[in-house]
Amino acid sequence: MSAETDDSEKKGLYLFGRDVSQIPCFRSSFLSGIGTGFAGGLAYFMFTSKPGKATHVGFACFFCSTFVYWGICRYNYAVTKFTTARIQEATVMPRRKIIVEEKPVDA
């Protein structure tokens, strides 16, 4: 019984064969886009009272803010990942150097 509940809890939203919960920056960029799109569409509607045009403006705000936020977040993710890899390499490299230098050299 618990195996069935574990499988049902692990099911997520799959898009093009990938679990979107495993994609970095997906959740934050879409939540930001939804909020911006809603606020932009609502503000346009409040000022002009044109629901059709407000829908277009809301979707345009959603689309633009989602992809701008996605780009910024992915750039920061890549920089952080690169920096972390360099720091790990720098901390492991002295240990390897010490091990190599301690070996006696046959001359």
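**A colleague's note on helix 2 and its surroundings**

1. A good place to begin is the covered side of helix 2, whose buried residues are Phe26, Ser29, Gly33, Gly37, Gly40 and Gly41. Please keep in mind while reading that this is a predicted model.

2. Now for the overall geometry of this element. Helix 2 is made of 23 residues, numbered 26-48. From the first C-alpha to the last, helix 2 reaches 33 Å, which is close to the 33 Å expected at 1.5 Å a residue.

3. Ser29 deserves a closer look. This serine is found in helix 2 and has 0% relative accessibility, so Ser29 counts as buried. A polar atom of the Ser29 side chain lies 3.1 Å from the backbone oxygen of Phe26. Leaving aside residues up to four places away in sequence, Ser29 touches Thr66, Tyr69 and Trp70.

4. One of those partners, Thr66, is worth following across to the other helix. Thr66 has its place in helix 3, which covers residues 51-102. Is Thr66 buried or exposed? Thr66 is buried, because its relative accessible area is 3%, and the cut-off for buried is under 20%. A polar atom of the Thr66 side chain sits 2.7 Å from the backbone oxygen of Phe62. With residues up to four places away in sequence not counted, Thr66 touches Ser29, Phe30 and Gly33. Two of these contacts, Ser29 and Gly33, are among the buried residues of helix 2.

5. Further along helix 2 comes Tyr44. With a relative accessibility of 25%, Tyr44 counts as partly exposed, because that class lies between the 20% and 50% limits. Which residues does Tyr44 touch, not counting those up to four places away in sequence? They are Ser49, Lys53, Ala54 and Val57. The C-alpha atoms of Tyr44 and Thr55 are separated by 8.9 Å, with the two residues eleven apart along the chain.

6. The surface side of helix 2 has something to show as well. Phe38, Leu42, Phe45 and Met46 form a nonpolar patch there on the surface, and together these residues have about 440 Å² of accessible area. Met46, a member of this patch, lies in helix 2. Its relative accessibility is 60%, so Met46 counts as exposed.

7. I would also point you to the backbone on either side of helix 2. Cys25 has its place in the loop between strand 2 (18-19) and helix 2. Although Cys25 is not a glycine, it has a positive phi of about 75 degrees. Cys25 is buried, given its relative accessible area of 13%.

8. What sits just after helix 2 with a positive phi? The residue is Ser49, with a value of about 60 degrees, and Ser49 is not a glycine either. Ser49 belongs to the loop between helix 2 and helix 3. At 54% relative accessibility, Ser49 counts as exposed, because the cut-off for exposed is over 50%. Ser49 is also one of the residues touched by Tyr44.

9. To draw these points together, Ser29 of helix 2 touches Thr66, which has its place in helix 3. Ser29 is buried at 0%, and Thr66 is buried at 3%. Met46, by contrast, counts as exposed at 60% and takes part in the nonpolar surface patch with Phe38, Leu42 and Phe45.

Terms used
Residues are numbered from 1 along each chain as its sequence is written. This is a predicted model: local features need pLDDT of at least 70, side-chain atom pairs count only at pLDDT 80 or more; totals for chains, interfaces and linings use all residues. Side-chain values use heavy atoms; hydrogens and water are left out. Patches are made of residues with over 30% relative accessible area and no salt bridge: like charges are joined within 9 Å, nonpolar side chains (Val, Leu, Ile, Met, Phe, Trp, Tyr) within 5 Å. Accessible areas come from the Shrake-Rupley method with a 1.4 Å probe; for residues, only the protein chains shown count as cover. A salt bridge is a side-chain nitrogen of Lys or Arg within 4 Å of a carboxyl oxygen of Asp or Glu. Helices (H or I, at least four residues) and strands (E, at least two) are DSSP runs, numbered from the N terminus. Buried means under 20% relative accessible area, exposed over 50%, partly exposed in between (1.4 Å probe, protein chains only). A polar contact is a pair of N or O atoms within 3.5 Å; within protein, one must be able to donate a hydrogen and the other to accept it, and residues adjacent in sequence count only if both atoms are side-chain atoms. Contact means heavy atoms within 4.5 Å. The expected span of a helix is 1.5 Å times one less than its number of residues.
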